[in-house]
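Good morning, colleagues. Please bring up the sequence and the structure, and I shall go through the surface, the salt bridges and the core in turn.

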Amino acid sequence: VTGASFVVFNGALKTSSGFLAKSSIVEDGLMVQITQETMESLRQALRDKKDFKITCGQRDAGDVKEYVDVCWVENEEKTNQG
C-alpha cells in the first residue's frame with residue numbers, strides 16, 4: 001500500500017509496449033501509465049462512481065503483478081488519518 005498526495009493517470013501507454021500498465025512514484029505522488037482503452041474505462045468508472053482496478057506490469061510476467069485500486073469510500077474521516 002502506497003500513500004500519495006496526488007495521482008496522475010497518463011493514457012498514452014502503447015499496447016505494443018508489452019505492459020498492461022506502469023506505475024511509478026513521482027515526487028510525493030503516483031503516476032499510472034495506462035492505455036487509451038483503460039483510460040476510457042477508468043473515466044466511465046469515475047462517472048458511475050464505481051471502484052476500478054488497474055493491473056500493472058508486463059503482459060507475460062506471470063503471477064507477479066502490481067495493482068492500482070481506485071475505491072470509493074463511505075466515510076472519509078477514517079481515511080488519511082495520520
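Val26 counts as partly exposed, because its relative accessibility is 31% and the partly exposed class lies between 20% and 50%. I should say at once that this is a predicted model. Val26 belongs to strand β2, which covers residues 19-26. With which residues does Val26 form a nonpolar patch on the surface? The partners are Phe6 and Val8, and together the three residues have about 200 Å² of accessible area.

Two of these patch residues also appear around Met31. Met31 lies in strand β3 and is partly exposed, at a relative accessible area of 24%. Setting aside residues up to four places away in sequence, Met31 touches Val8 and Val26, as well as Lys22, Ser23 and Ser24. Please look also at Phe9: it is 22 residues from Met31 in sequence, yet their C-alpha atoms are 6.0 Å apart.

I turn now to the charged side chains. How many salt bridges does a search of the whole structure find? The search finds two. In one of them, Arg43 pairs with Glu40, with 3.8 Å between the closest N and O atoms. Arg43 and Glu40 are separated by about one helical turn, because they are three residues apart in helix α1, residues 36-48. Glu40 also meets Arg47 in a salt bridge, at 3.9 Å from N to O. Glu40, Arg43 and Arg47 are thus linked in a network of salt bridges.

Are these residues buried or exposed? Glu40 is partly exposed, at 39% relative accessibility, and Arg43 is likewise partly exposed, at 42%. Arg47, at 52%, counts as exposed, because the cut-off for that class is over 50%.

Finally, the interior. In soluble globular proteins, nonpolar side chains tend to be buried together. In this model, the largest nonpolar core has twelve residues. They are Ala21, Leu30, Val32, Ile34, Met39, Leu42, Ala45, Phe52, Ile54, Cys56, Val68 and Val70. Which elements give two or more residues to this core? They are strand β3 (29-33), helix α1, strand β4 (52-58) and strand β5 (66-70).

Let me close with one member of that core, Cys56. Leaving aside neighbours within four places in sequence, Cys56 is in contact with Ala21 and Val68, and also with Lys22, Ser23, Lys65 and Glu66. Ala21 and Val68 are themselves listed in the core. Thank you; I should be glad to take questions.

Methods
Residues are numbered from 1 along each chain as its sequence is written. This is a predicted model: local features need pLDDT of at least 70, side-chain atom pairs count only at pLDDT 80 or more; totals for chains, interfaces and linings use all residues. Side-chain values use heavy atoms; hydrogens and water are left out. Patches are made of residues with over 30% relative accessible area and no salt bridge: like charges are joined within 9 Å, nonpolar side chains (Val, Leu, Ile, Met, Phe, Trp, Tyr) within 5 Å. Accessible areas come from the Shrake-Rupley method with a 1.4 Å probe; for residues, only the protein chains shown count as cover. A salt bridge is a side-chain nitrogen of Lys or Arg within 4 Å of a carboxyl oxygen of Asp or Glu. Helices (H or I, at least four residues) and strands (E, at least two) are DSSP runs, numbered from the N terminus. Buried means under 20% relative accessible area, exposed over 50%, partly exposed in between (1.4 Å probe, protein chains only). A nonpolar core is a set of buried Ala, Val, Leu, Ile, Met, Phe, Trp, Tyr and Cys residues joined through side-chain atoms within 4.5 Å. Contact means heavy atoms within 4.5 Å.
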